[in-house]
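Okay, thanks everyone for squeezing in. I'll put the model up and then just talk through what I found in it.

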Amino acid sequence: MVKHFGEWAVYICQWVRIMTSAKWSGTRWYGRAAAGLTLAVLALGAAAEAKKPREKLLEAKRAAYEANFKNDARGLQAAAEKLDALATDRELGAYALYYAGWTRWSLAAAQLQANEKDGAIASLNRSAEDLRKAVALLPENASSQSQAEFQCQLASSMISLAVVDGKRLAELLPEVQKLRKRALELAPGNPRVVMMDAGMLFNTPAQYGGSQEKGIERWLEAIRLFEAERIADPVQPDWGRALAYGWLANLYLSMTPPRKGEAKEAAERALALQPDFWYVKTQILPKV
């Protein structure tokens, strides 16, 4: 049984070679058969073309995830550009912009590791721009989960921008709080939403309602949600499980005093899920 378009193409090409030979070209049924094969080729080609945007989106998404774990700035930039090319797709444009924004958010982290602050700020500005467009393009009847994912990622990109470009903190924080509140209202059990909320709790000074202990508790709640999460449609956001453990290790190390034992456990779990997790291998393990 022929399973893929590429196999069909091989068989059709073989038939075309046979039919265009001198032996068959003069026969009565040649014309009708040739026309039928031409239509078959066109139909199969059209079917393959119809699948391309989704396939391209999923390939770029996978490439971005892999590049992020490897701290591969070039790979992240290449993935973002591939996603940019899909931004005008009628069906998938909103998700292409979501992943472009996510990818540039991740790229900024790699740039900061390389002490490229200006590049990181540019990436985060573009990330927020991508995500604003994604939010605007998301259909009104989109699920609450999808809406929450988009609001949450925009909030995360803006939080990073406010931190890296400190002079804009006062300007950006009110909108971040609105996005955070909206995402929590839409999907209080979404692990990425809970992780974003946990990060804000952990990093907010106590006089403004923050708490490292409460942040850790909230982060562990996000991890439980990640462990239980099952995503049926691969177009939907499904990132975060391994990252959550790796970032949790860093939170433990950031506490006063550092909780190195728990940081090591979280780091080992992150590497069990993602063995090429560059950040954990190079930035966390040497400290535990």
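So, secondary structure: the chain has 13 helices and zero strands. Keep in mind that this is a predicted model. Read along the sequence, you get α-α-α-α-α-α-α-α-α-α-α-α-α, which at least makes the cartoon simple to label. The chain has 288 residues, and 42% of them count as buried. For contacts between residues at least 6 apart in sequence, 63% join residues at least 24 apart. On the outside, the chain exposes about 15800 Å², with carbon and sulfur atoms supplying 56% of that.

Okay, the inside. In soluble globular proteins, nonpolar side chains tend to be buried together. Here, the largest nonpolar core has 77 residues, and the ones with the most contacts inside it are L57, W219, W239 and F277. Which helix gives the most to this core? That's α5, residues 93–113, with ten residues.

Let me zoom in on L57. If you leave aside its neighbours within four places in sequence, L57 touches L83, L86, L92, Y95, A96, Y99 and V235.

Now the rings, since somebody always asks me about rings. I count eight aromatic pairs. One of them is Y95 with F150, and that's edge-to-face: 5.3 Å centre to centre, with 85° between the planes. What I like is that this pair links distant parts of the chain, with Y95 in helix α5 and F150 in helix α7, 55 residues apart. Are those two buried or exposed? Y95 is buried, with a relative accessible area of 11%, and F150 is buried too, at 1%. There's also a cluster linked by ring pairs, made of Y65, W102, W105, W239 and W247. You've met W239 already, among the core residues with the most contacts.

Next, α7. On length, α7 behaves: its 21 residues should span 30 Å at 1.5 Å a residue, and the end C-alpha atoms are indeed 30 Å apart. And 15 of those 21 residues are buried, so α7 is largely enclosed by the rest of the structure.

While we're on α7, which runs from 144 to 164, have a look at C152. C152 has 3% relative accessibility; the cut-off for buried is under 20%, so it counts as buried. Who does C152 touch, leaving aside neighbours within four places in sequence? The answer is A183, R192, V193 and M196. And if you're thinking about C-alpha distances, C152 and R182 are 8.4 Å apart in space while sitting 30 residues apart in sequence.

Last stop is α12, residues 260–273. This helix has 14 residues and reaches 20 Å from its first C-alpha to its last, close to the 20 Å expected. The buried residues of α12 are A263, A266, A267, A270 and L271. They cover an arc of only 135° around the axis, which puts them on the same side of the helix. Flip to the other side of α12 and you find E265 and A272 exposed. So what do the buried residues of α12 pack against? They pack against α11, at 241–254, and α13, at 278–284.

That's my tour. Happy to spin the model around if anyone wants another look.

Notes. Residues are numbered from 1 along each chain as its sequence is written. This is a predicted model: local features need pLDDT of at least 70, side-chain atom pairs count only at pLDDT 80 or more; totals for chains, interfaces and linings use all residues. Side-chain values use heavy atoms; hydrogens and water are left out. Helices (H or I, at least four residues) and strands (E, at least two) are DSSP runs, numbered from the N terminus. The expected span of a helix is 1.5 Å times one less than its number of residues. Buried means under 20% relative accessible area, exposed over 50%, partly exposed in between (1.4 Å probe, protein chains only). The arc is that of the directions from the helix axis to the C-beta atoms. Contact means heavy atoms within 4.5 Å. A nonpolar core is a set of buried Ala, Val, Leu, Ile, Met, Phe, Trp, Tyr and Cys residues joined through side-chain atoms within 4.5 Å. Rings of Phe, Tyr and Trp (its six-membered ring) pair if their centres lie within 6.5 Å; planes under 30 degrees apart count as stacked, over 60 as edge-to-face and the rest as tilted. Accessible areas come from the Shrake-Rupley method with a 1.4 Å probe; for residues, only the protein chains shown count as cover.
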